[in-house]
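Let us read this model together, moving from the arrangement of the chains to one helix. Each turn takes up a single feature.

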Amino acid sequence: MAKLTFRTDNCKGCGLCVDVCPKKVLELAQDKINKRGHHPVEAARPDDCIGCGSCAIMCPDFIIKVER
Amino acid sequence: MIVYDKPHALLDVPLHYCPGCTHGIVHKLVAEVIDELGIEGKTIGIAPVGCSVMAYDYFACDMIEAAHGRAPAVATGVKRADPTKVVFTYQGDGDLASIGMAETVHAAARNENITVIFINNAIYGMTGGQMAPTSLVGQVTQTSPYGRDPKLCGYPIKVCELLSELEGPEYLERVTVNSIPHIRAAKKAIKKAFQNQLDGKGFSLIEVVSSCPTNWGMTPQNALKWIEEKMLPYYPLGVYKDRSAAEVKE
Amino acid sequence: MADKVLMKGNEAIAEAAIKAGCRHYFGYPITPQTEVAAYMAKRMPKIGGTFLQAESEIAAINMVYGVASAGLRVMTSSSSPGISFKGEGISYLAGADLPALVVNVQRGGPGLGGIQPSQSDYFQATRGGGHGDYHMIVLAPSSVQEMAELTVKGFELADKYRMTSMILADGTMGQMMEPVALDFDVAPAPEKPWATTGTNLTRKHNIVNSLSLVPEQLERLNMERFERYALVKENETMYEEYMMDDAEIAIAAFGIAARVSKNAVKEARKMGIKVGLIRPITLWPFPDAPFKKAATHVKEIISVELSMGQMIEDVRLASECKVPVTLCNRVGGMIPSPEQVLEAVKKANNGGKQE
């Protein structure tokens with residue numbers, strides 16, 4: 001069981017993590033706006049996460065912590 | 001088990017870079033390597049002038065902000081002051097390959113025992129998207145509005161190829177960070193560049209082909225594709241010099 | 001009496017720097033200061049120091065910036081055109097509040113100019129030389145002994161006030177040989193907790209930096225820097241007065257011009273003309289006090305310079321334009337003769353009319 005944690009306030013909504021996820025776990029939350037004015041990433045399908053860490057490796061703002 | 005978390009050598013502060021800018025990815029790789037080698041306490045980083053000018057606020061090690069293009073000269077001073085310290089510069093293409101070309105070439109020629117992280121994103125980012133020494137032929141920028149015309153302003157400079165002709169440098173490699181496999185390879189190269197310094201082998205430069213979605217006028221995703229389709233054919237990835245490996249072969 | 005050795009001015013600077021604990025020298029060849037580099041090239045490897053011939057003056061001053069960041073005593077030397085190159089780095093040193101020593105063995109300008117002595121970088125040195133609001137401590141030796149002593153002083157003041165000291169010499173001072181005693185006391189460098197020497201994971205990271213994008217902060221940094229400059233003015237201003245007590249005419253001169261002028265003063269005194277000499281040793285901070293005082297009892301001040309008249313502006317400011325200040329000069333690598341200065345003195349004594 002993998003676990004994702006986000007530093008949501010630092011997310012810039014670039015979406016690079018969304019694209020790189022092999023299981024399509026992540027989405028930009030269109031209904032939310034963070035402190036920086038971006039739609040932050042969230043785990044839309046957390047149960048599908050395999051904890052590969054690709055999203056965190058890709059994220060330029062190191063907002064994602066991945067545990068497995 | 002933690003698969004990934006912020007490296008210790010990066011402070012927990014938001015970066016000022018634009019959304020999807022790959023500077024952040026390279027910052028992470030440098031910090032991860034510093035963590036893995038356990039050298040944060042004895043590392044001094046030199047920030048350039050350009051988009052990464054404020055890198056001094058992000059890395060947890062001691063940091064110096066250099067004048068435009070002069071980071072290799074400043075690094076030379078710091079390293080000569082105490083050769084037991086680990087010294088790296090982090091420079092963009094305008095800083096390293098235009099205004100600071102002399103400092104780059106001579107630090108390489110001296111085989112100065114430092115690590116240079118060179119971000120090549122083919123544009124001046126901080127000043128708003130002007131032509132860089134590495135801008136591609138035909139590339140539209142604020143100061144090449146009709147596309148870079150080689151008749152007018154020559155051809156983009158291939159830094160790794162150029163430096164590889166020198167006797168001096170220990171290690172030169174070009175990497176990119178537009179995909180997970182490429183990021184993993186980039187980290188390996190950066191680690192080698194720091195390890196070389198710890199081993200006293202000398203000047204290592206890692207050129208990271210990077211993106212600038214804002215000034216390229218693209219989404220972050222398309223910018224990564226542009227690296228693959230436009231940048232890499234002109235800037236092929238690979239090791240351009242590995243003197244120790246070559247000596248072993250001989 | 002200490003043992004004296006016969007040395008060139010340039011060599012005296014180099015040896016004094018080593019005595020002051022400087023173990024890092026970066027430079028680029030240029031006449032007439034090359035002996036400093038040559039001396040360092042010989043000595044530094046023998047004492048575990050670094051001599052490095054940089055690819056340019058710009059690189060050299062930035063190597064200085066690196067060593068200064070690491071908290072060690074460091075220097076570079078050059079001559080006029082090379083100092084212009086270093087202007088960028090000197091401004092960054094000021095912006096980052098780093099101590100360093102820069103030697104300018106001046107030659108004639110502007111442009112490539114010539115290779116003979118000059119004092120025409122006075123404005124550049126005393127007004128900062130690079131961009132932004134800042135000063136260097138500018139020391140003007142007028143003997144080989146002073147070349148050595150002021151070099152040591154330069155390092156001490158640089159460390160004390162976290163700023164750049166400049167030795168403003170000229171081709172004559174650099175090339176002339178005189179006996180010099182090198183057995184001076186050197187104050188040890190102070191602690192530098194701001195230096196980038198690695199955190200050792202025991203403290204927050206240090207940052208050496210001249211960038212400050214918030215105007216309120218940048219204003220405050222400038223204000224604080226100038227508070228420090230005010231202390232330098234108060235505590236470190238240096239000058240020599242020669243036969244000024246009863247003087248009716250004053251000569252203002254530094255460096256080689258002061259030596260020539262002193263001879264002219266002696267000659268004029270033999271003729272019964274009451275003339276004295278004020279010799280600024282620090283050009284920044286400029287010694288205002290002796291000129292202000294002189295303006296109460298002299299009828300004219302003659303500024304003797306190897307320039308088209310640069311220090312004369314500070315002399316006028318310091319004497320508050322209460323008496324006429326005239327210029328006696330040669331330029332382009334030429335040096336005023338004692339006779340030329342004597343003529344200027346006689347003219348002043350004659351109420352401004354040629355005899």
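The dialogue below discusses chain contacts, one chain's overall form and one of its helices.

Q: Before we begin, what kind of model is this, and which pair of chains shares the most contacts?

A: This is a predicted model. Two pairs of chains are in contact, and of these chains B and C share the most contacts. Chains A and C, by contrast, are joined by no contact, their closest C-alpha atoms lying 20 Å apart.

Q: How should I describe the contact between chains A and B, and how many residues does each chain bring to it?

A: The size of an interface is often given as the accessible area lost when the parts come together. Here we can count residues instead: chain A contributes 23 residues and chain B contributes 22 residues. On the side of chain A that touches chain B, helix H1 (16-20), helix H2 (54-58) and strand E4 (64-67) each supply at least two residues. That side of chain A comprises ten nonpolar, seven polar and six charged residues.

Q: In which sense does E4(A) pair with strand E1 of chain B?

A: The two strands, E4(A) and E1(B) (residues 2-4), pair in the antiparallel sense over two bridges. Within this pairing, Val66(A) stands opposite Tyr4(B).

Q: Turning to chain C, what radius of gyration does it have, and what would a compact globule have?

A: A compact globule of 355 residues would have a radius of gyration near 20 Å, and the 21 Å of chain C agrees with that. Along its principal axes, the C-alpha trace of chain C spans about 75 × 50 × 40 Å. Chain C contains twelve helices and 15 strands, and 56% of its 355 residues count as buried. If we take the contacts in chain C between residues at least 6 apart in sequence, 78% of them join residues at least 24 apart.

Q: Which residues of helix H11 in chain C are buried, and why do they lie on the same side?

A: An α-helix has 3.6 residues a turn, so residues three or four places apart point the same way. In H11(C), which runs over residues 311-318, the buried residues are Met311(C), Ile312(C), Asp314(C), Val315(C) and Ala318(C). They lie on the same side of H11(C) because they cover an arc of only 160° around the axis.

Q: What do those buried residues pack against, and what follows the helix?

A: The buried residues of H11(C) pack against helices H5 (122-126) and H10 (288-294) of chain C, and also against its strands E11 (249-252), E14 (300-305) and E15 (325-329). After H11(C) comes Glu320(C), whose phi is positive, near 50°.

Note on methods
Residues numbered from 1 in each chain as written. Chains lettered and ligands numbered in written order. Predicted model: local features only at pLDDT ≥ 70, side-chain atom pairs only at ≥ 80, totals over all residues. Buried ≥ 20, exposed ≤ 12 C-beta atoms within 10 Å, placed from the backbone. Helix = DSSP H or I, 4+ residues; strand = E, 2+ residues; numbered from the N terminus. Arc of directions from axis to C-beta. Contact = placed C-beta atoms within 7 Å. Nonpolar A, V, L, I, M, F, W, Y, C, P; charged D, E, K, R; others polar. Pairing = 2+ DSSP bridges. Rg over C-alpha atoms; globule rule 2.2 N^0.38 Å.
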